[in-house]
Amino acid sequence: QPPMVEEEKKEDPRTQSLRQNAQVLTINDGQRIISRDPVVAKCIHCNQTGVTTVRRQNGITVLASSVICCLVGMGPCAIVPWCVGELKDCTHECHFCGNIVA
């Protein structure tokens, strides 16, 4: 019988680039990643190492910015903070299991 050959796993070019250029982060419970961009991290839930998926959600900063716009008489501009990605809260999730990494 011919020897079994494993199929090569195709890796996303973004993942390859991050693996080559970044240090792998091992995140402990409660530790935070200070980055709005995906990072290479080792998941504490599934022990896989990969690029995190970043989810952006409206948080207190967006709400506070909107309220401040209304209070200073710029009511129509209160919608702008809801559209600005840099004001949103970021959550890093494991690409493999989907659990929150940081």
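This passage describes the fold, surface and selected side-chain pairs of a predicted model of one protein chain.

The secondary structure comprises 2 helices and 5 strands. Read from the N terminus, these elements follow the order α-β-β-β-β-α-β. The chain has 102 residues, of which 23% are buried. About 7,800 Å² of the chain is exposed, and carbon and sulfur atoms supply 53% of this area. When contacts between residues at least 6 apart in sequence are considered, 50% of them join residues at least 24 apart.

The confidence of the prediction varies along the chain. The mean pLDDT is 77, and 67% of the residues reach 70 or more. In residues 4-8 the pLDDT falls below 50, and this stretch makes 0 contacts in the model beyond near neighbours in sequence. Where pLDDT is low, the predicted coordinates should not be read in detail. Among the elements, the lowest mean pLDDT, 57, belongs to strand β1 (residues 25-26), whereas the highest, 93, belongs to helix α2 (residues 60-71).

Helix α2 holds residues in contrasting surroundings. L71, which lies in this helix, is exposed, with a relative accessible area of 70%. L71 also belongs to a nonpolar patch on the surface, formed by I60, L63, V67, I68, L71, V72, M74, I79, V80 and W82. Together, the residues of this patch have about 990 Å² of accessible area. S66 is likewise placed in helix α2, but S66 counts as buried, at 10% relative accessibility. Apart from neighbours within four places in sequence, S66 is in contact with A78, P81 and W82. The last of these residues, W82, is a member of the nonpolar patch. The C-alpha atoms of S66 and C77 are 7.8 Å apart in space, while the two residues are 11 positions apart in sequence.

The cysteines were examined for covalent links. A disulfide is a covalent bond between the sulfur atoms of two cysteines. The count for this model is 0 disulfides. For C46, the closest cysteine sulfur is that of C94, at a distance of 3.7 Å. A disulfide requires the two sulfur atoms to be within 2.5 Å, and the sulfur atoms of C46 and C94 are therefore too far apart for a bond. C94 accordingly takes part in no disulfide, its nearest cysteine sulfur being that of C46. C46 is partly exposed, with a relative accessible area of 25%, whereas C94 is buried, at 7%.

Charged side chains provide a further link. The model contains 1 salt bridge. In this salt bridge the side chains of E93 and R55 meet, with a distance of 3.2 Å from N to O. The pair connects distant parts of the chain, since E93 lies in strand β5 (residues 89-93) and R55 in strand β4 (residues 53-57), 38 residues apart. E93 has a relative accessible area of 17% and is classed as buried because this value is under 20%. R55, by contrast, is partly exposed, with a relative accessible area of 43%.

Note on methods:
Residues numbered from 1 in each chain as written. Predicted model: local features only at pLDDT ≥ 70, side-chain atom pairs only at ≥ 80, totals over all residues. Heavy atoms only, no water. Helix = DSSP H or I, 4+ residues; strand = E, 2+ residues; numbered from the N terminus. Buried < 20%, exposed > 50% of the residue type's maximum accessible area, 1.4 Å probe, protein only. Contact = heavy atoms within 4.5 Å. Areas by Shrake-Rupley, 256 points an atom, 1.4 Å probe, with all protein chains shown as cover. pLDDT = per-residue confidence, 0-100. Patch = residues over 30% accessible without salt bridge, like charges linked within 9 Å, V, L, I, M, F, W, Y side chains within 5 Å. Salt bridge = Lys/Arg side-chain N within 4 Å of Asp/Glu carboxyl O.
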